[in-house]
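Me: Got a minute to go through this one with me? I'd like to start with how the helices pack.

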Amino acid sequence: MGSRASTLLREEEIEEIKKETGFSHSQITRLYSRFTSLDKGENGTLSREDFQRIPELAINPLGDRIINAFFPEGEDQVNFRGFMRTLAHFRPIEDNEKNKDPTASEPLNSRNNKLRFAFRLYDLDRDDKISRDELLQVLRMMVGVNISDEQLGSIADRTIQEADQNGDNSISFNEFIKVLEKVDVEQKMSIRFLH
Amino acid sequence: SLGRTSTSSSEESDEESVAEMEAARLKEELEEKKKFIASLKSRPWRMNRKLKCLKDAQQFVEKFEGYLGKGKGQTLYILKVTMSKKWNKFNRAFKNIMTAFIPWEKRIKEVESHFGASVGSYFIFLRWLYGMNLMLFVLVFGLVVLPEVLLGAPYGTIPRKIVPNSEKDKAMDVAILLEFEGYFKYSPLFYGYYNNQRTVGFLHYRLPLAYFLVGIGTFVYSLIAVVRRYANNSEEREFAFSWILFTSWDFLIGNSEAADSKFAAIITNIKESIVDEEDKKRCENVHARRCLRVLANLITFLCLCGSGYLIYYVVKRSVVFAAMDKDKVTWMEKNELELVVSLLGVAVPPLFEGISEMEEFHPRVALKWQLWRILALFIANLYSLTFALYDEVPLKFEKENAIKNATMWAMKENYGNGTMLSNSSAVAQPALHPADVMQGPCWETGIGIEFMKLTVSNIELAYLTILFSDFLRALLVRYLNYCWCWDLEAGFPSYGEFDISGNVLTILFSQAVIWVGTFFSPGLLGVNMIRLVTSMYIQSWAVMCCNIPHSKPFRISSHFYKVLLFIMLCASIIPVLYAIMVFPPSFDCGPFSEKQKMYDIITETIEKDFSAFWVTFFSYALNPGVVVLVVILMVLVIYYLKIVSKSYQKTNADLRKKLRMRREEEKNQMNNKDSSNHIMKDLEELLPKKTVIQLSTKDKMGESLKLSPKNGTMANGADGRFRNAVTRPPGPRMVGHLPGMPRLQIVSPGSARGRGQVIRW
């Protein structure tokens, strides 16, 4: 069954995760028990099948992409650190988050990072642009077979026309931010993790 | 369990060690800064820069050396850090506990996951109303009802608090009690029970003043609560398609059937947005349509007048019935008023829907018109009811006068006899048992009773509607389907959808009735509390058991409901104010008896309880001239603010238009095309054949969207303009079959979509 000892969570690990993600001690332990309950193979990592067992992800048209976002480039297993790193994007933003070290990088749950997470769901080839083809793929996932290709193409064109500002016929990250300017991303992309 | 290290014991040392770590880190930085200051002189920088850096470093050293240099300073610092961490922990634990107290959270989440956020928002609104009513209930109960019951004269001691002998033998009958007469009439539920003693009990609690202030206070509190939630919500059309693409999925959905409906809703949403775009570029100038719209509004107005008159007529009749002998009046005639008001609220809105077909508005605009009309209907009903009741009040005054004279005469007689017979100074009061005293017709209690009955009949009607139009219908469709000629589930009548707007307007109307009636009947709030709680349970059960998710995307934002609530609140203040200002209170019941006007209680309190200075101050301040001036000033301020805000909105719209034009121009320049309208031409082809706007649709597109009856139709049938497009639920998605999910993957076109899984007992 492998080394059981490696599946226990050590204090140093909790500290590191705390620093990296900003979760509190009790939140981390709680999420660890959730991680282990998802981990049916009991080898300390999650595979794609483990995620697909969650019903809300299974019926979500973007479910596969969200699951993909947990796994680092090219890998098939994600360990607890990676799991927490992705979940950290959904931590609510607190007003009084004192940043003791002003030179540290932006926290994982800032608005910018949340939007970047969402952007990466659509930008499959990681070229920092959402092209017309990628939009078509998303549309196809969302509407099934009810609408024909040409119609979907027109909708994609219309979307790019709305969002594109520099005329390169694709949506860059800055244009993406502009589109979602009026959307309350901080609240919609946050989960209230119990402490 | 796996992974649970020794958390509790290590937390204390954990925090201290962290504090120590931070102290150590600061120490390091301090050393660095000191070294930096020392070496500053030898750096090859400009003088300005050196001075600035020096200043910064010195400030840093000053700030932190105190913490680290001396021993006491260090412990203080660690103490501060530990305290703040403990406080954070306490805060978090508190917030956790508070979330556990939010009522019905699990229930609402379940509804949301099955039916989407829009139906869930109705229940959230219901819960918020419950919270507001709870506050009002506590206010009224604690400040008015409890003092009267605990500190005031107990039941049976004074005439207004006891059932008079003339009614006593029937006072316990169920029929009488259901009418809120008998023992209910002479209880703290209604206005008439309250005594007009200036102060009660050993606390010298000024009950009449409290009653008046609480009556006004309920409106003030409701105003504050409603306005606080009045968030601004502008309908943004700038990024319409981008938002549909990126933000339309409802992540709260956890159930596959709801997910399918959400798919269909998204498709319909996209098509509607395209129609919207077309709409914007089109100016309608068809005279016939204008005539039809004027006609529709005229008919609506006539309906409103008709219903108002009907209510007025029924009130007159109910007065006649009340005067007749109780045994000769049937149940129907006794409750005619409430039945008519409730039924009008149920029957007229579908009529308005029919009228709106004539107008041919865009669906969203039509829905808004519909809601405004229903709101006008409810307000008209409420007002005609209230003012019809008020019409009866002068009659009651006449009766009162007659009784007053009679009692005076009786007392004089007794008094006269008494003094003639006895020489002692003890002039005994006429030894009349309180139950024998003739009581006047307490008009406030009368109105309170009417509102109470109206509320109860509203509740009954609401539950009966749920029972018949949802539950029985679902039962019939489910079980009769086995032996019926056509498919009951797919065609008529099929399962019902949850009617959000109808339900919201019903609770708004009931809330308005409560606001008007609370002044005359403090017990009304208690009844309302019961109603809201049972409503939450019964409706959430009914929705899960008998309804199916919407097939059309629902466009009404909750902001709109808040606007309606606000208007209802303002509309319900007026009848109460009218009653307070115009009618003198009854002479023998209620906390304001024997006063000329109800608001005299204020002047009385000022005169007797405040010092002379305040008396003169108020007498100057309440001078009519001053009051009029203040009112004019406020009106001017409001007008000014309105103009300013309008100009801002106009500027906003102008800027937005300019931005859009500039972007299009830039793009045209870059792409060297004459205009980007070729995209619009493509979109025209998306429209189905039957639409409001007669466009030249290409046949190819039109056919693929036409409804083919052979395919499985959606359970709700194929009516409405945009349902044509959805011929069958989305088929297998691009992703392969997922493990663990028992959903049917392939839906063959021929099978009707069975909704058998919906009913859960």
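Reply: Sure. One term before we start: contact here means heavy atoms within 4.5 Å. Also, this is a predicted model.

Me: OK, which residues of H8(A) meet H9(B)?

Reply: On the H8(A) side they are A:Leu135, A:Val138, A:Leu139 and A:Met142, and they meet B:Ile244, B:Leu245 and B:Phe246 of H9(B). By class, that contact has seven nonpolar residues, with no polar and no charged ones.

Me: And at roughly what angle do the axes cross?

Reply: Roughly 65 degrees, and the axes come within 10 Å. Helix H8 of chain A covers residues 132-143, while helix H9 of chain B covers 240-247.

Me: Is the crossing of those two left-handed or right-handed?

Reply: The crossing of H8(A) and H9(B) is left-handed.

Me: Switching topic: what makes the nonpolar surface patch?

Reply: B:Ile216, B:Val220, B:Ile224, B:Leu577, B:Tyr578, B:Met581, B:Val582 and B:Tyr599, for about 650 Å². Helix H8 (207-228) and helix H18 (558-582) of chain B each supply at least two of the residues.

Me: Which helix gives the most to it?

Reply: H18(B), with four residues. B:Met581 lies in that helix.

Me: Last thing, how many salt bridges over all chains?

Reply: There are 19. One of them pairs A:Glu20 with A:Arg85, whose closest N and O atoms are 2.5 Å apart.

Me: What does that pair tie together?

Reply: A:Glu20 lies in helix H1 (residues 11-21) of chain A and A:Arg85 in helix H6 (residues 80-87) of chain A, so the pair links parts 65 residues apart in sequence.

Methods: Residues numbered from 1 in each chain as written. Chains lettered and ligands numbered in written order. Predicted model: local features only at pLDDT ≥ 70, side-chain atom pairs only at ≥ 80, totals over all residues. Heavy atoms only, no water. Axes fitted to C-alpha atoms, helices over the stretch in contact; angles between N-to-C directions. Left-handed = near helix turned anticlockwise from the far one by under 90°. Nonpolar A, V, L, I, M, F, W, Y, C, P; charged D, E, K, R; others polar. Patch = residues over 30% accessible without salt bridge, like charges linked within 9 Å, V, L, I, M, F, W, Y side chains within 5 Å. Areas by Shrake-Rupley, 256 points an atom, 1.4 Å probe, with all protein chains shown as cover. Salt bridge = Lys/Arg side-chain N within 4 Å of Asp/Glu carboxyl O.
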